[in-house]
Amino acid sequence: MSLGDLVGYAAAFLTTVSFVPQVWHTLRSRDVSGISLGMYACFTLGVFLWLIYGLVLEAWPVVIANTITLALALAILAMKLRFGRR
């Protein structure tokens, strides 16, 4: 594995794991008042496009990180849509 791949995997891990506390907090509290629907919709679409980009280039750190980040971002977006209407 190259140094570039190691850096990519480390960056992917850190940026992806950073979403876990937000998902956990939002799931437990159901408080989505501080979450912008427009921002998360744009962010989620951007992550999806990064995933496609990674697949096209076969850049596995990008693919793995964005697959997980997409799932986490979709979870937050779904909670915003579900709990934000109360």
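pLDDT is the predictor's confidence in each residue, on a scale from 0 to 100. The model treated here is predicted, so local features are taken at pLDDT of at least 70 and side-chain atom pairs count only at pLDDT 80 or more, while totals for chains, interfaces and linings use all residues. Residues are numbered from 1 along each chain as its sequence is written, and side-chain values use heavy atoms, with hydrogens and water left out.

**Exercise 1. Confidence and overall layout**

Task: Determine in which helix confidence is lowest and in which it is highest, and describe the secondary structure of the protein chain.

Solution. Begin with the chain average: the mean pLDDT is 91, and 99% of the residues reach 70 or more. Broken down by element, confidence is lowest in α1, at a mean of 88, and highest in α3, at 95. Next, assign the secondary structure, where helices (H or I, at least four residues) and strands (E, at least two) are DSSP runs numbered from the N terminus. The protein chain comes to 4 helices and 0 strands, which read along the sequence as α-α-α-α. The C-alpha trace spans about 50 × 20 × 15 Å along its principal axes. For the surface, accessible areas come from the Shrake-Rupley method with a 1.4 Å probe, and for residues only the protein chains shown count as cover; the chain exposes about 5,800 Å², of which carbon and sulfur atoms supply 71%.

**Exercise 2. The surroundings of Thr69**

Task: Work out whether Thr69 is buried or exposed, and list what it contacts beyond its neighbours within four places in sequence.

Solution. First, locate the residue: Thr69 belongs to helix α4, which covers residues 60-83. Second, apply the burial scale, on which buried means under 20% relative accessible area, exposed over 50%, and partly exposed in between (1.4 Å probe, protein chains only). With a relative accessible area of 6%, Thr69 is therefore buried. Third, take contact to mean heavy atoms within 4.5 Å; leaving aside neighbours within four places in sequence, Thr69 is in contact with Thr16, Phe19, Phe43 and Val47. Fourth, examine polar contacts, defined as pairs of N or O atoms within 3.5 Å, where within protein one must be able to donate a hydrogen and the other to accept it, and residues adjacent in sequence count only if both atoms are side-chain atoms. The side chains of Thr69 and Thr16 make such a contact at 3.0 Å.

**Exercise 3. Aromatic pairs**

Task: Classify the pair formed by Phe19 and Phe43 and the pair formed by Trp50 and Tyr53, and explain why the former ties together separate parts of the chain.

Solution. Rings of Phe, Tyr and Trp (its six-membered ring) pair if their centres lie within 6.5 Å; planes under 30 degrees apart count as stacked, over 60 as edge-to-face, and the rest as tilted. The structure holds 3 aromatic pairs. One of them joins Phe19 and Phe43, with 5.2 Å centre to centre and 25° between the planes, and is stacked. Phe19 lies in the loop between α1 (3-17) and α2 (20-29), whereas Phe43 lies in helix α3 (residues 37-57), so the pair ties together parts that are 24 residues apart in sequence. Phe19 is buried at 15% relative accessibility, while Phe43 is partly exposed at 27%. Trp50 and Tyr53 form an edge-to-face pair, at 5.4 Å centre to centre and 85° between the planes. These two residues are 3 apart in helix α3, and are therefore separated by about one helical turn. Finally, Phe19, Tyr40 and Phe43 form one aromatic cluster.

**Exercise 4. The nonpolar core**

Task: Identify which helix gives the most residues to the largest nonpolar core.

Solution. A nonpolar core is a set of buried Ala, Val, Leu, Ile, Met, Phe, Trp, Tyr and Cys residues joined through side-chain atoms within 4.5 Å. The largest has 10 residues: Phe19, Val23, Val32, Ile35, Tyr40, Leu72, Ile76, Leu77, Met79 and Phe83. Helix α4 gives the most to this core, with 5 residues. For the core member Val32, the residues touched beyond four places in sequence are Thr26, Met79, Lys80, Phe83 and Gly84.

**Exercise 5. Positive phi values**

Task: Establish where Arg30 and Glu58 lie, and what their phi values are.

Solution. Most residues other than glycine have a negative phi. Arg30, in the loop between α2 and α3, has a positive phi near 60° and is partly exposed at 40% relative accessibility. Glu58, in the loop between α3 and α4, has a positive phi of about 55° and is exposed, with a relative accessible area of 55%.
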